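User: Before I reuse any labels for this model, I would like to see how each of them follows from the computed geometry. Could you take me through the reasoning?

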Amino acid sequence: MTAPDPITISVIHHRLTGIVEEMGEAMLRTSFSQILNSSRDFSTAICGADSQLVAQAEHIPVHVGALQPAAKAVIQAFGDDVHPGDVFLLNDPYAGGSHLPDVTAFVPIFLDGALTFWAINRAHHSDIGGATYGAYNASAREIWQEGIRLPPIRFYDKGVMRPDMLRMLKANVRHARDFEGDLSAQIGSVLLADRRVKALAREFDRATIVAAVDRMLEATEAQTRESIAEWKDGTYIGEAWLDDDGRGNDDILIRAKVTVDGSSLTVDLRECAPQVTSFVNSSPANTRSAVIVALSVLLDKEIAKNEGMVRPLTILTTRGTIVDPDPGLPVTMCTSHCSNEIIEAVVTALSGACPEQAMGGWGRRLRIAIKGVDPRNDRPFIWHMFHARPGGGASSGGDGWHNAGEWHSAGGLKFGSVEVAEARFPLFFGRHEFRPDSGGDGRYVGGTGVDLDLTVETEQPAVANTAGDGLRHGARGMLGGHDGAPHHYLMHPPGADTVVLASKAEGIRVPPGTTFEIHSGGGGGWGPPEQRDPAARARDARDGLVSAPNTAPNAGGDR
């Protein structure tokens, strides 16, 4: 056949991108849970028959970099026993998954009778069973305490859903109705992609589409190598720290030794801290994805995010470390921590090779999940706090985004409407506003975190858990910029002493009328503070981003 011309390649590239974006819109409009239809904690993609990432939508970066290992796990599990109409599921972190709440749905796409693509949807479910609601079990010492574990399984067999499998899944989660609705939305999303790709194949034959995809990946690889080749050759060291593991181990080190060699990049994580019996270990697919996220934020934004971008990259780990733990250890926190720290360590290392591309660190994740009964309808609820997002990191291009979220999601997670949250849950938001002085100072200032007052309006005690990090270590300042302020979380039970919340706790009793006082961290600054434009300082004061005129943002030490 004649090789496809550049226009045809571009058309197919944009059509595939449009399909994965439409998958996301379908998911947003049909999912049941607040975590998906408001906070958008899902991602969609298309991989090739050999598992290579072909197209993704702009959802959650740390999801997408882990989808190639997930597709590979399904292929290895089922081999040639894959048929039109099949749907597969997976969430096992030691078989291509990231962490147990992220259930991944796969549909094989056949063109002219041949398996050609996989349509994939990864979504974070509000509950996945296990010893505590909401999936984040701070006391877990093994993965079986975190939730139901799904190696690659067949959920639809040649177009027919397996009701026995659905009953088994629903029996192992706390809110079966929401779980089934969210899973149905995922499956609808991937089946939509199947129809759209087949429509594309009616305009371009299978051979043309496959050839165009090959050229797309080759072009992305060439562009990535061209970008890396502009960086200064050498070996660079970057470090980041988790506060703790909730087991008495403090200042847990993530150490990245990054070598730039021409157009190739090696990220050596073999000197990271040993594994722990805590949920901050990182699954192999998640570690891979965090490194890919770090690379993607350093590259030109116009370079496509597909498997071609990964080809110049080699990742080295050692089994038994926190970034490559022994199978069976807990990992549920890993998509946030230690993902953020892996990204930060790699970017910090490469600030010596490509300083103009290296951003300040983004704020840490520290979530609260509350379980109780809504007195308005006597229905049980689980609410995950996606509000009070931390600030984004500053860069050579300007100040960080306020309330943008963490590095692993890069703004992809949304905090949703305060009014909708109050309508759906027995909550009252007293304030939700930018936190003054929280962004790290610098030539460009990190984005601010948020001050939030949240009252729980139940009639009987609720229970809460916390899961995250960043109470001591703020987001990294870059190239002379200062670190962002760390989090500070408080709980005010009526008629009782104020409680300073830890970042890894479960079983917290929440009496009716309790108010949570949240101060989320800011992003890291970029460049020396003395180089900041005085007009920008005046604007910071006018906009309320600093507490008083002529006051600099967070002046935590530079690094």
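User: Why are helix 5 and helix 6 called oblique to each other?

Analyst: In this predicted model, the axes of helix 5 (residues 163-171) and helix 6 (residues 176-203) cross at roughly 130 degrees and come within 9 Å. Angles from 65 to 115 degrees count as roughly perpendicular and those over 145 as roughly antiparallel, and the rest, once those under 35 are also set aside, as oblique; helix 5 and helix 6 are therefore oblique. The crossing itself is right-handed.

User: What makes up the contact of helix 5 with helix 6, by class?

Analyst: Leu 166, Leu 169 and Lys 170 in helix 5 meet Ala 176, Phe 179, Glu 180 and Leu 183 in helix 6. By class, this contact has 5 nonpolar and 2 charged residues, with no polar ones; Lys and Glu count as charged, whereas Ala, Leu and Phe count as nonpolar.

User: How do you know that helix 8 is oblique to helix 10?

Analyst: Helix 8 (residues 284-298) and helix 10 (residues 339-350) pack at an angle of about 40 degrees, with 8 Å between their axes. Since only angles under 35 degrees count as roughly parallel and the perpendicular class begins at 65, helix 8 is oblique to helix 10. Their crossing is right-handed, and by class the contact has 11 nonpolar and 3 polar residues, with no charged ones. Among the residues of helix 8 that take part are Asn 286, Thr 287 and Val 291, while helix 10 contributes residues including Ser 339, Ile 342 and Leu 350.

User: What makes strand 14 and strand 18 the edges of their sheet?

Analyst: The sheet is open, with 5 strands in the order 14-15-20-17-18 and antiparallel pairing. Strand 14 (427-434) and strand 18 (499-500) each have a single partner strand, so one side of each is left without a neighbour in the sheet.

User: How do you know that strand 14 and strand 15 are paired?

Analyst: Pairing requires at least two bridges, and strand 14 and strand 15 (residues 450-456) are joined in the antiparallel sense over 7 bridges, which means that the criterion is met. As one example, Leu 427 has Val 456 in strand 15 as its bridge partner.

User: Why does the approach of Asp 533 to Ala 535 count as a polar contact?

Analyst: At the start of helix 12 (residues 534-542), a side-chain oxygen of Asp 533 reaches to within 2.9 Å of the backbone nitrogen of Ala 535. The cut-off for such a pair of N or O atoms is 3.5 Å, so the distance qualifies. Just after helix 12, Gly 544 takes a positive phi of about 80 degrees.

Technical notes: Residues numbered from 1 in each chain as written. Predicted model: local features only at pLDDT ≥ 70, side-chain atom pairs only at ≥ 80, totals over all residues. Heavy atoms only, no water. Helix = DSSP H or I, 4+ residues; strand = E, 2+ residues; numbered from the N terminus. Axes fitted to C-alpha atoms, helices over the stretch in contact; angles between N-to-C directions. Left-handed = near helix turned anticlockwise from the far one by under 90°. Contact = heavy atoms within 4.5 Å. Polar contact = N/O pair within 3.5 Å; in protein donor to acceptor, adjacent residues only side chain to side chain.
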